[in-house]
Amino acid sequence: MDSETNNVTETTPAMDTEKNPDSFEQVKSKKSSQKRKRDMGTMEMESEDTIATKRPQFPPISADKLTGGADEMRKVPVPAHRYTPLKENWMKIYSPIVENLQLQVRFNLKTRNVEIKTCKETQDIGAITKAADFVRAFVLGFQVEDALALIRLDELFLETFDVTDVKPLKGDHLSRAIGRIAGKGGKTKFTIENVTKTRIVLADTKVHILGSFQNIKMARTAICNLILGSPPSKVYGNIRAVASRSAERF
């Protein structure tokens, strides 16, 4: 009996399946694996949320600390023919620069410059650039209300070019080109301003344009065509077509 019992060996489940191919094995269901993955994903999202909530919140740094405590200054030269308009509109220029942009401004009587300076109260580091552009636009001949848009809006620019840069004209030819840009009683200039939504200043042979990039491009093209000799009626049609296409695009 003992010899018989010693010859008996234990059978494992693997051996049972080899001997009996018809037996069944327990298979892990796909649902349980998908549920496990989903649970892992939610746990990761929760951990990310907890990390996001734990991120430190830093207040915006002031312009004074960003520049290392050193004050920045800009100087805008004022030509002689703009002294009187600057004196008459000084409060309109002074108020937005000091109250809104928190800058310091003065008119230096010796050097004839408008000096703009940052201080400890200045919050925006780009405020001094806006203020300098605002004063420069007024000095070039724009109205204070039009120049004020440079402070309020970020996408406005100021462009200046000379009539002789487009075509080297002299004498009466130059005078006629400037007359074509202005038109009778300024009609042509006003029409270009209204269609392209810009502001234009004609100062001797200089042309100053204030507006957005796309609108400046349209106004500059129209003025260049007038300088080159195109009749105003043709220029009107061209800029109206371009303006309608750009309005449809946007």
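This is a short walk through one protein structure, from the overall picture down to a few single residues.

Okay, hi everyone. One thing up front: this is a predicted model, so keep that in mind as we go along.

Let's start with the whole thing. The protein has 250 residues, and 32% of them are buried. Its secondary structure adds up to 14 helices and six strands. If you take the contacts between residues at least 6 apart in sequence, 58% of those link residues at least 24 apart. On the outside, there's about 17500 Å² of accessible surface, and carbon and sulfur atoms account for 54% of that.

Now, the inside. In soluble globular proteins, nonpolar side chains tend to be buried together. So what do we find here? The largest nonpolar core is made of 29 residues. If you want to find it on your screen, go to I93, I97, L103, V114, I116, F134 and V135, which have the most contacts within that core. Several elements feed into it: helix 6 (90-100), strand 3 (113-117), helix 7 (127-140), helix 8 (144-147) and helix 9 (149-152) bring at least two residues each. Which helix gives the most to this core? That's helix 7, with nine residues. And there's another core, apart from this one, with 18 residues, including F161, I192, I216 and A222.

Let's stay with helix 6 for a bit. Its buried residues are I93, S95, P96 and I97. Among the things covering them are helix 5, strand 2 (104-108), strand 3, helix 7 and helix 9. Zoom in on I93: beyond its neighbours within four places in sequence, I93 makes contact with L86, F134, V135 and F138. Then, just past the end of helix 6, you get to Q102, which has a positive phi of about 55°.

Hold on to F138, since that name comes up again. The charged end of R82 sits over the F138 ring, 4.8 Å from the ring centre. F138 is also touched by N89, which touches V144 as well, again leaving out residues up to four places away in sequence. N89 itself is in the loop between helix 5 (83-88) and helix 6. Is N89 buried or exposed? Its relative accessibility is 18%, and the cut-off for buried is under 20%, so N89 counts as buried.

While we're on rings, there's a second charge-over-ring case to look at: R112 lies over the face of Y83, at 4.5 Å from the ring centre. As for rings pairing with each other, a search of the whole structure turns up one aromatic pair.

Moving along the chain to helix 11, residues 172-182. The buried residues there are L174, A177 and I181. Why do they end up on the same side of helix 11? Because they cover an arc of only 60° around the axis. The general idea is that an α-helix has 3.6 residues a turn, so residues three or four places apart point the same way. What do those buried residues of helix 11 pack against? Helix 10 (163-166), helix 12, strand 5 (199-203) and helix 13 (213-227). After helix 11 comes G183, with a positive phi near 80°.

Helix 12, residues 187-196, is where you'll find K189. K189 is a lysine that counts as buried, because its relative accessibility is 16%. Setting aside neighbours within four places in sequence, K189 is in contact with I181, A182, I200 and L202. And I181, you'll remember, is one of the buried residues of helix 11.

Another buried residue is D162, in strand 4 (residues 157-162). Its relative accessible area is 12%, so D162 is buried. Leaving out residues up to four places away in sequence, D162 touches T205 and K206. D162 and H208 are 46 residues apart along the chain, with their C-alpha atoms separated by 8.9 Å.

Last stop, and this time an exposed residue. Q123 sits in the loop between strand 3 and helix 7. Its relative accessible area is 51%, and exposed means over 50%, so Q123 counts as exposed. Q123 and P60 are 63 residues apart in sequence, and 8.8 Å apart in space from C-alpha to C-alpha.

That's my tour. Happy to take questions.

Technical notes: Residues are numbered from 1 along each chain as its sequence is written. This is a predicted model: local features need pLDDT of at least 70, side-chain atom pairs count only at pLDDT 80 or more; totals for chains, interfaces and linings use all residues. Side-chain values use heavy atoms; hydrogens and water are left out. A nonpolar core is a set of buried Ala, Val, Leu, Ile, Met, Phe, Trp, Tyr and Cys residues joined through side-chain atoms within 4.5 Å. Buried means under 20% relative accessible area, exposed over 50%, partly exposed in between (1.4 Å probe, protein chains only). Helices (H or I, at least four residues) and strands (E, at least two) are DSSP runs, numbered from the N terminus. Contact means heavy atoms within 4.5 Å. Accessible areas come from the Shrake-Rupley method with a 1.4 Å probe; for residues, only the protein chains shown count as cover. Rings of Phe, Tyr and Trp (its six-membered ring) pair if their centres lie within 6.5 Å; planes under 30 degrees apart count as stacked, over 60 as edge-to-face and the rest as tilted. A charge sits over a ring if NZ of Lys or CZ of Arg is within 6 Å of the ring centre and within 35 degrees of the ring normal. The arc is that of the directions from the helix axis to the C-beta atoms.
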